[in-house]
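User: I would like to learn how to read a structure like this one, feature by feature. Could we go through it together?

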Amino acid sequence: MQLIKNAAVYDVVIIGSGAGGGMAGYVLANAGIKVLMLEAGPFFDPAKDSQQLKWSYQSPRRGGNATRPMGDFDAAFGGWQIDGEPYTQKDGSDFQWFRSRMLGGRTNHWARISLRMGPRDFKCRTAFGDGDDWPITYEEISPYYDKVDRLIGVYGSVEGLPNDPDGIFLPPPPPRLGEHFVKKAVTAQGIKVIAGRGSVLTAPLPGNKDRQPCFYCGQCNRSCKIYGDFSSSSCLVIPAIKTGNLTVTSNAVVREILTGDDGLASGVSYINKDDGQEYRIRARTVILAASTCESARILLNSRSTRHPNGLANSSNAVGKYLHDSTQGGAGVAVLPQLFDRPRFNEDGVGSLHLYSPWWLDGKKLPFARGYHLEIFGGMWMPGYGGYFGFEGAVVPYLNGYIPRRDGKMKPGGGFGASLKDDYRRFYGSIAGLGCHGASTAREDNYCEIDPNVVDKYGIPVLRFRYKWSSDDIAQAKHMQETAQAVVHAMGGIPLVQPQGPETNYGLDKPGKGIHEVGTVRMGDDPKKAPLNKWGQANDCKNLFVTDGSVFTQQSEKNPTWTILALSMRTAEFIIDQRKKRNL
Amino acid sequence: MNRRESLKTLGAISAGTILGGCASHPDNNTAGPAANTTIDPTGRQDFEMARDKELAGRQYFDPHEKATIAALADIIIPKDDHSGSASEAGVPDFIEFIVKDEPQHQLPMRGGLRWLDMECLDRFDKDFIGCTPQQQVAIVSDIAYPSLAKPGMQAGVTFFSKMRDLTAIGFFTSKMGIADLGYKGNTPGKWEGVPPEVLKKYGL
């Protein structure tokens, strides 16, 4: 084994190629700055590597999830567990950490739901009496949301809602058949249903010749061969490479950020998985965007005499304030009115067709923050595993409760031609909604370095401590009541039984929302927050962070669009500071 | 760029991958993918390809078990006016693969098949595949309806429920089964919403 030191000094080294790293690289490379991007996994170009339009029977497990947690065709490599790269828990926690180590990171599998946070979300302490206010306002970030909308593309409908700001929208896709029924039932509860907001090109993106409009296969999670949706690889990193200013080193697992005697970042130490050798590279500026928890891990592992408890951590806040969105409700139902429904191609887009923004803001409730409804329903490609699995699995249980076409009942279960016909009859009749809400950042929900455990590269691993609060659980109870009321109103047969306090009313494990943020938060007070309002480390002015870890406080809006806007803003700040010779 | 150009470009991009994938579709309905060793490598990681190959290269069920699975699968999903039978769609090969892929199915399947043979021997003095079609249906009828099954038959009911699920998954995710269900997607097009006549039918 060798330690290989490169004499070259890069203008900027970016750790990570997901939404946060990709956007920073795109902006800097287009400004003529020489950038090296380190990615812990392999290179991935959706144009060549996507499994889009494969049939279930082209997988021996029919799309099942024995090797990929979201199913065989999902674009994301990695998952909840990665061989040789463990993480541990303390105090009975069960935080689930989804890692996707590949170009584009977790933008490879997400649902492309692209929501702006609202004015009240950035000032949540003031608005809701909950969490900490961000050091920035909606007005400050709004121009960056606009620029992200124009650069990447997002569909939606203009609604004028006070805390769900409109964007610059492409036309939204119309609902699928089952979704019409859910919409009616949700509306009947007094809840407004609007078009989804997703980064899928439902129309040509003005000024962009490299990406083509969606052809409606509904498979965004497989990544898109024509770049019709947003992945960091297709929309940011690959275009940045084409400028000639950005280079990607893939399979480079970062150990730590190196610092000099002056306390400033001087470079990065990494292991290259291809040749097994150890590398040290030098940089004038380092941007960390390795994902919320991995970025905290790298900082905490970057100890030196100047930074004894980890880099950028004089506040002792790195790793703390970890918070994932709440996820519950699970209003999944079979709609008998859709039995023997007409067949047509309703794949649609692989993002949201309909959703309901939080509708009870300002009402007196036993929890502080809100949640939104994500509505689904459709005739998906029959497969095994993945997001929806094989809906036929419920047929031999439900067919005993449903009158046959001739109105008579038969016992549940069965076999033969009559059962075969039941599968046909039920197909395409599942619809429902999921609920995703805001959890509040708390100092005592955190990740830290486990002093006893290293991964296969010898890098100390993360240990998680995460408990849902009574507020989160009260929100989950409300989610379940909403979902049940909707299922009842549409005459659906619920496929998930309501749960009680012993299982937190169906609240999913922390981490399962894959919206975790907050471990390297921005703040006004350097004694309490590692980063200033530009994403710049207070203790190390040539170190910036641009992934979800910078969030002071999440909202019920999915985080990606905010990560992109903040990363763009930080990259423009770096360009400005370089011009002023402050970096 | 307009939609037509977009679709044309898709064709160009996909020539090596999508069409390559199509070429490996099982054209006759007896070839299941488990029997087909040429899995399209696009987007697959090396360890996944190696694992798939290793699983396909060994057998879990012995010939008698496999024959019993085929007979049961065809009782669960027989040929009818719409499509062929489970075994014609390659279901026994799928079940052989999936129990190696998800080993939690192995013991319930092996033990359940043995339970079935013992029940047949006790009742008819023959194993399941040695029984007449009438005898097979009589046994299956005793374990196919959970709410009607006699208390002593619970082990058979549990086995049959799993067998029925695996059969249905294998059949309705095959080329034949997907066509039977009438799934129309997985093809480039333009989504303009539910057709007006359908909206009218449902009063939407």
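Analyst: Happily! Let us begin with a pair of strands: β13(A) and strand β14 (residues 460-465) of chain A run antiparallel and are joined by five bridges. Please keep in mind that this is a predicted model.

User: Which residue is the bridge partner of A:Y446 in β14(A)?

Analyst: Strands of a sheet pair through backbone hydrogen bonds, either parallel or antiparallel. Here, A:Y446 has A:R465 as its bridge partner in β14(A).

User: In what order do the three strands of that open sheet come?

Analyst: The order is β3-β14-β13 (chain A), and the pairing is mixed. β3 (88-89) and β13 (446-454) of chain A are the edge strands, each pairing on one side only.

User: Which helix lies across β13 and β14 of chain A?

Analyst: That is helix α8 (residues 292-301) of chain A, which runs at about 60 degrees to β13(A).

User: How many of the ten residues of α8(A) are buried?

Analyst: Nine of the ten are buried, so α8(A) is largely enclosed by the rest of the structure. Among these buried residues are A:E294 and A:R297, along with A:I298, A:L299 and A:L300. The elements that cover them include β13 and β14 of chain A, and also β1 (3-15), β6 (252-259), β8 (278-288) and β17 (540-545) of chain A.

User: What about helix α7 (residues 232-242) of chain A: mostly covered or mostly uncovered?

Analyst: A general point helps first: an α-helix has 3.6 residues a turn, so residues three or four places apart point the same way. As for α7(A), this helix is mostly covered, with nine of its eleven residues buried. The buried residues include A:S232, A:S233 and A:S234, as well as A:L236, A:V237 and A:I238. They pack against α1 (19-30), β2 (35-38), α2 (46-49), α5 (138-152) and β5 (246-249) of chain A. After α7(A) comes A:G244, whose phi is positive, near 85 degrees.

User: Now the sheet with six strands: what is its order, and which are its edge strands?

Analyst: This open sheet has the order β4-β10-β11-β12-β9-β15 (chain A), with antiparallel pairing. Its edge strands, β4 (194-195) and β15 (493-494) of chain A, each pair on one side only. Inside the sheet, seven bridges connect strand β11 (residues 371-377) of chain A with strand β12 (residues 430-437) of chain A. One example is A:G377, whose bridge partner in β12(A) is A:A431.

User: Which helix lies across β9, β11, β12 and β15 of chain A?

Analyst: Helix α11 (residues 470-489) of chain A does, running at about 15 degrees to β9 (326-334) of chain A.

User: Stepping back, how many helices and strands does chain A have, and how compact is it?

Analyst: Chain A has twelve helices and 17 strands. Its radius of gyration is 24 Å, close to the 25 Å that the globule rule gives for 583 residues, so chain A is as compact as a globular protein of that length. Along the principal axes, its C-alpha atoms fill a box of roughly 85 × 50 × 50 Å. Buried residues account for 60% of the 583 residues in chain A. Of the contacts in chain A between residues at least 6 apart in sequence, 74% join residues at least 24 apart.

User: Finally, how many residues does each chain bring to the contact?

Analyst: Chain B brings 65 residues and chain A brings 60 residues. On the side of chain B that touches chain A, α1(B) gives the most, with seven residues. By class, that side of chain B has 33 nonpolar, 17 polar and 15 charged residues.

Methods. Residues are numbered from 1 along each chain as its sequence is written. Chains are lettered from A and ligands numbered from 1 in the order in which they are written. This is a predicted model: local features need pLDDT of at least 70, side-chain atom pairs count only at pLDDT 80 or more; totals for chains, interfaces and linings use all residues. Two residues are in contact if their C-beta atoms, placed from the backbone, lie within 7 Å. Helices (H or I, at least four residues) and strands (E, at least two) are DSSP runs, numbered from the N terminus. Ala, Val, Leu, Ile, Met, Phe, Trp, Tyr, Cys and Pro count as nonpolar, Asp, Glu, Lys and Arg as charged, and the others, Gly among them, as polar. The radius of gyration is taken over C-alpha atoms; the globule rule is 2.2 Å times the number of residues to the power 0.38. A residue is buried if 20 or more other C-beta atoms lie within 10 Å of its own, exposed if 12 or fewer, and partly exposed in between; C-beta atoms are placed from the backbone. Two strands pair if DSSP finds at least two bridges between them. Axes are lines fitted to C-alpha atoms, for helices over the stretch in contact, and angles run from 0 to 180 degrees between N-to-C directions.
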